[in-house]
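Work through the following exercises with the sequence and the model open beside you. Try each task before you read its solution.

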Amino acid sequence: MTRDGRRSSPVEHGFPHLDTVRAAITALFRRLSYEGIRAYEAGFSPADAAFGAEEDLHLGAHRVASAIVRALRLPHARMVVSFRAMEQAATVELTAGPEYFVEVNDRFRTHRRDLAAALAHEVTHVLLHRLDLRFPRTADNEILTDTAAAYLGAGWLLLDAYREDELTHQKLGYLTPEEFGYVLARRGLLLGEDLSTWFTSPQAYEAYVRGRALARRELRRAPLAAADRAERRRYARDRRAGTAAPGASYRFERDPAGGARVSFPCPVCGQRLRLPVRGPVRARCGLCRTVLDCDT
């Protein structure tokens, strides 16, 4: 058993990639802007992901891929989907376009309910390629792709493909289930979206709840005014010492005029904010426009 009471399994759990996930969300805001992020408000609907056994395999795969292209606002990209035996779930050839060739694992010929999830990751690769948005390391780039898919409305499919019981251990993507839940919750908190009823996998819903709990806790971290009493006491102690305790998200520094200021990540977009240490203050993030009540 794990510390939180769940059975140990070959599926990685928890938040091991959280720093990269947060950096990916900030990178999306910087590349797309606040207005650009809001353009993805509609998300990808469960109806568009549905793929019945009676539907023609190739026509159905093209229909689903085209729906994801529209959801990710890539109107001039065409996906050509084929199936073959391969180790990965899917892969895409990144070119100048407008045609992109996606190869999908043969198992999705019969496991059709998860085909949209595999395609969501690959179409997001195309989007990031078009945006010229990437991280230096390949592993971090895959985290960026999963994060972008989830934050821009299509990646809930990847979490819903997670299923785990005594006989089955299946997960798509590079984020853990809880990290997918965290990103989806961050999107939901920004856009007022609740995905609770969208998940067909009970394990996916549970992971979403765990990720959402972390996202909500980040809205209550000092120096935000919503921080709980224990957080406020710890922050006050660190402020007197002039240095943050290990693991704290905030840092104290001197401003050019000689006064003290605190820097901390915006809980919505992750951009670091710098405020004077002077008590209650209302701050507006210049990147995502969120207005934050703080007590510095």
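A disulfide is a pair of cysteine sulfur atoms within 2.5 Å. This is a predicted model, in which local features need pLDDT of at least 70 and side-chain atom pairs count only at pLDDT 80 or more, while totals for chains, interfaces and linings use all residues. Residues are numbered from 1 along each chain as its sequence is written, and side-chain values use heavy atoms, with hydrogens and water left out.

**Exercise 1. Cysteines**

Task: Find out how many disulfides the rule gives, and why Cys266 is not bonded to Cys288.

Solution: Begin with the general idea, which is that a disulfide is a covalent bond between the sulfur atoms of two cysteines. For Cys266, the closest cysteine sulfur belongs to Cys288 and lies 3.6 Å away, so it is too far for a bond. Next take Cys269, whose closest cysteine sulfur, in Cys285, is 3.5 Å away and therefore also too far for a bond. The count by this rule comes to zero disulfides. As a further step, look at accessibility, where buried means under 20% relative accessible area, exposed over 50%, and partly exposed in between (1.4 Å probe, protein chains only). Cys266 counts as buried at 3%, and Cys269 is buried at 0%.

**Exercise 2. A charged residue**

Task: Determine which side chain makes a polar contact with the side chain of Glu142.

Solution: First locate Glu142 in helix α5, residues 138-151, where helices are DSSP runs (H or I, at least four residues) numbered from the N terminus. Glu142 is buried yet has no salt bridge, and the nearest side chain of opposite charge, Lys171, is 11 Å away. A salt bridge would need a side-chain nitrogen of Lys or Arg within 4 Å of a carboxyl oxygen of Asp or Glu; Lys and Arg count as positive, Asp and Glu as negative, and His and the chain ends are not counted. The partner in the polar contact is the side chain of His121, at 2.9 Å; such a contact is a pair of N or O atoms within 3.5 Å, and within protein one must be able to donate a hydrogen and the other to accept it, while residues adjacent in sequence count only if both atoms are side-chain atoms.

**Exercise 3. A helix residue**

Task: Decide whether Leu190 is buried or exposed, and list what Leu190 contacts.

Solution: Leu190 lies in helix α7, residues 177-191, and is buried, with a relative accessible area of 15%. Leaving aside neighbours within four places in sequence, Leu190 is in contact (heavy atoms within 4.5 Å) with Phe29, Ile37, Arg38, Tyr151 and Val268.

Note on methods:
Helix = DSSP H or I, 4+ residues; strand = E, 2+ residues; numbered from the N terminus.
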